[in-house]
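User: I should like to learn how features of a model are read. Please explain each idea and then show the case at hand.

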Amino acid sequence: MAEQNAKPQAKLRKFDTKVQYLKYKVLREVARHAFDDTLLESFNDIAKVIVTGKKPTMRCCIYKERAIIGERIKIATGGDRSNPNVIEVIDIACDECPLGGYSVTENCRGCIAHRCEDVCKRGAITFDENQKAHIDKEKCVNCGKCAEVCPYSAIANYRRPCERACKIKAISMNEETKAAQIDNNKCISCGACVYQCPFGAIDDKSYILDIIKMIKESDSGKNFKLYAVVAPSISSQFSYAKLGQVITAIKKLGFSSVVEAAWGADMVAYKEAAELSEKGFLTSSCCPAFVSYIQKQFPTLKDNISHNLSPMAEIARYIKENDPECKIVFIGPCTAKKMEVKLDTVKPYIDSAMTFEELQALIDSRDIPITELEEGVLDNASYYGRIFARCGGLSDAVAEALKEQGVEDFDLNPISCDGIEECRMALLKASKNVLPNNFIEGMACSGGCIGGPGCLTHGPKDKNQVDAYGKQAFEKTITDAIGVTGIGK
Amino acid sequence: MKVYVCVGSSCHLRGSYDIINLMKESIAKRQLEDKVELSAAFCLGKCTDGVSVKFDDEVVCGVSKDNFDEIFSDYVLSKI
């Protein structure tokens with residue numbers, strides 16, 4: 001009943017795509033049963049709740065649909081334990097999209113201009129007796145020039161959306177199963193493929209069961225306090241409610257307190273500025289996917305990665321120093337954070353991580369009416385800590401921190417890399433010592449964290465929302481924001 | 001004794017930064033560093049009523065610049 005009512009509304013206001021909505025429904029049902037302690041016995045019923053009726057709406061038949069839901073449940077409950085990566089392919093959900101690069105489609109009209117032939121430096125274009133173009137796959141190098149010049153847009157590039165999304169080329173086709181496969185040696189768990197696969201066949205493992213267990217064990221803070229550290233990109237999320245209401249909803253879920261990761265960003269900016277002026281060249285360490293990319297593809301630059309923890313881990317460390325018994329969950333837009341929390345350097349501080357998608361599922365599994373709640377407050381960080389959520393924010397914050405610390409003999413020349421491709425270019429130059437900049441701000445997702453795969457929605461106004469949220473901060477400078485923490489004194 | 005000043009969002013907006021500074025000053029002025037350990041707390045669960053401060057196990061709400069001296073003498077000076 002509730003499901004029927006919630007459906008159109010939830011789909012419209014909460015997510016970009018129906019794939020996200022499907023994933024959300026699975027997470028929500030798993031969470032509902034986990035809270036009620038009925039997960040074991042209802043395991044097989046969840047698929048039937050989600051795939052109702054007799055007619056398939058997504059796949060060839062409802063049985064395949066339910067089988068795939070079964071796989072999604074597995075991922076929602078932690079996924080394949082033997083696979084260290086948090087990003088996983090659901091083989092049976094993969095549609096095995098055609099690939100094969102540039103091909104001439106039926107739109108070719110057999111014109112006489114033959115621009116395609118002229119532009120092809122490899123001589124890969126030939127014509128049949130009807131004057132229609134063909135591409136010789138032996139010669140074609142997939143440069144795409146022919147597609148660009150065709151007046152009929154008759155040449156299409158058959159690439160899988162997952163492979164196209166994965167700019168670091170960690171996804172390929174498994175020759176045997178034809179499904180997508182992820183090379184864990186290359187994958188940085190950024191989650192771009194998760195968001196881009198139109199069939200939802202790649203998913204990020206969920207640790208909501210661990211989180212629900214912590215919520216229960218904490219028992220509203222009676223046994224230990226449970227903190228939620230929330231990423232500043234939350235300001236562009238949950239657009240149907242007020243931010244303060246989301247904070248109250250998180251507390252209603254059973255968290256004792258909600259703390260801004262942006263406060264950790266203030267601490268990081270302050271320390272990073274000091275480290276940078278001392279060492280002269282650094283790459284940022286906030287984005288775990290970017291850090292992992294350097295480690296895997298540019299090992300010679302490893303020593304230049306800032307030694308600071310990420311804002312998430314930094315603020316969590318501060319909380320745990322003050323409250324060693326507590327447990328802390330990070331909530332953000334990021335799938336790579338789920339890898340970061342497993343690192344030995346981060347593990348002592350953060351107990352688990354979830355995405356905004358998962359938060360939405362958890363809130364709805366408890367039927368918490370977000371839009372009816374009173375507004376809580378979330379305010380510790382400065383403007384600068386909060387704008388870490390968008391590309392360029394970190395560089396601005398480091399510039400501010402240098403200023404506040406009175407560092408004058410160091411000229412900051414940052415490069416803000418928006419998306420992993422720009423990161424790659426900058427790192428490539430840095431590895432060859434031809435990068436003119438002395439600070440690389442690397443963000444694996446386009447736009448920064450607001451473009452993260454775990455966001456509910458992505459929109460062109462997200463950046464403005466982050467900036468507006470930053471300006472609302474009570475503390476105006478980094479030094480003020482971290483004053484109480486004892487750093488910078 | 002242990003003194004925790006709440007630095008959760010609510011208290012922060014009501015001036016926990018000022019209270020921490022006053023606390024530091026008052027401790028230093030009376031050279032109580034060995035006797036009073038000052039730290040931060042995240043949300044003592046009494047968000048509606050000004051800055052919350054925990055003196056050992058006792059939570060005091062509504063601490064402000066105006067009543068600080070009084071509270072400091074009642075909860076710190078009289079107990080050490």
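Analyst: What follows treats confidence, domains, helices, cores and the contact between chains.

Analyst: This is a predicted model: local features need pLDDT of at least 70, side-chain atom pairs count only at pLDDT 80 or more, and totals for chains, interfaces and linings use all residues. Residues are numbered from 1 along each chain as its sequence is written, while chains are lettered from A and ligands numbered from 1 in the order in which they are written.

User: What is the mean pLDDT of chain A, and where does pLDDT stay under 50?

Analyst: pLDDT is the predictor's confidence in each residue, from 0 to 100. Its mean for chain A is 93, and 97% of the residues reach 70 or more. Over residues 1–11 of chain A it stays under 50, and the model has three contacts for them beyond four places in sequence. Two residues are in contact if their C-beta atoms, placed from the backbone, lie within 7 Å.

User: Which domains does the assignment give for chain A?

Analyst: Domain bounds come from an automatic or database domain assignment. Here they are domain 1 (1–77), domain 2 (86–95 + 162–205), domain 3 (101–158) and domain 4 (208–485). Taken over C-alpha atoms, the centres of domain 1 and domain 3 of chain A are separated by 44 Å.

User: Why do the buried residues of H10(A) lie on the same side?

Analyst: An α-helix has 3.6 residues a turn, so residues three or four places apart point the same way. Helices (H or I, at least four residues) and strands (E, at least two) are DSSP runs, numbered from the N terminus. A residue is buried if 20 or more other C-beta atoms lie within 10 Å of its own, exposed if 12 or fewer, and partly exposed in between, with C-beta atoms placed from the backbone. In helix H10 (residues 208–218) of chain A, the buried residues are Ile208(A), Ile211(A), Ile212(A) and Ile215(A). They lie on the same side of H10(A) because they cover an arc of only 100° around the axis, the arc being that of the directions from the helix axis to the C-beta atoms. Asp219(A), which follows H10(A), has a positive phi near 50°.

User: How many residues of helix H11 of chain A are buried?

Analyst: Helix H11 (residues 243–253) of chain A is mostly covered, with nine of its eleven residues buried. These pack against H10, strand S9 (226–230), S10 and helix H16 (356–365) of chain A. Just after H11(A) comes Gly254(A), with a positive phi of about 130°.

User: Which residues touch the most other members of the largest nonpolar core?

Analyst: In soluble globular proteins, nonpolar side chains tend to be buried together. A nonpolar core is a set of buried Ala, Val, Leu, Ile, Met, Phe, Trp, Tyr and Cys residues joined through C-beta atoms within 7 Å. The largest has 155 residues, and Val229(A) and Ala444(A) touch the most other members. Helix H12 (residues 261–279) of chain A gives the most to this core, with ten residues. Another core, of eleven residues, lies apart from it and includes Tyr102(A) and Cys146(A).

User: Is Ala473(A) buried or exposed?

Analyst: Ala473(A) is buried, with 24 other C-beta atoms within 10 Å. This residue lies in the loop between helix H20 (462–471) and helix H21 (478–482) of chain A. Beyond its neighbours within four places in sequence, Ala473(A) is in contact with Asp379(A), Ala381(A), Ser382(A), Tyr383(A) and Arg386(A).

User: How many residues of chain A are in contact with chain B?

Analyst: In chain A, 15 residues are in contact with 15 residues of chain B. Strand S10 (257–260) and helix H14 (311–322) of chain A are the elements that give two or more residues to this side of chain A.
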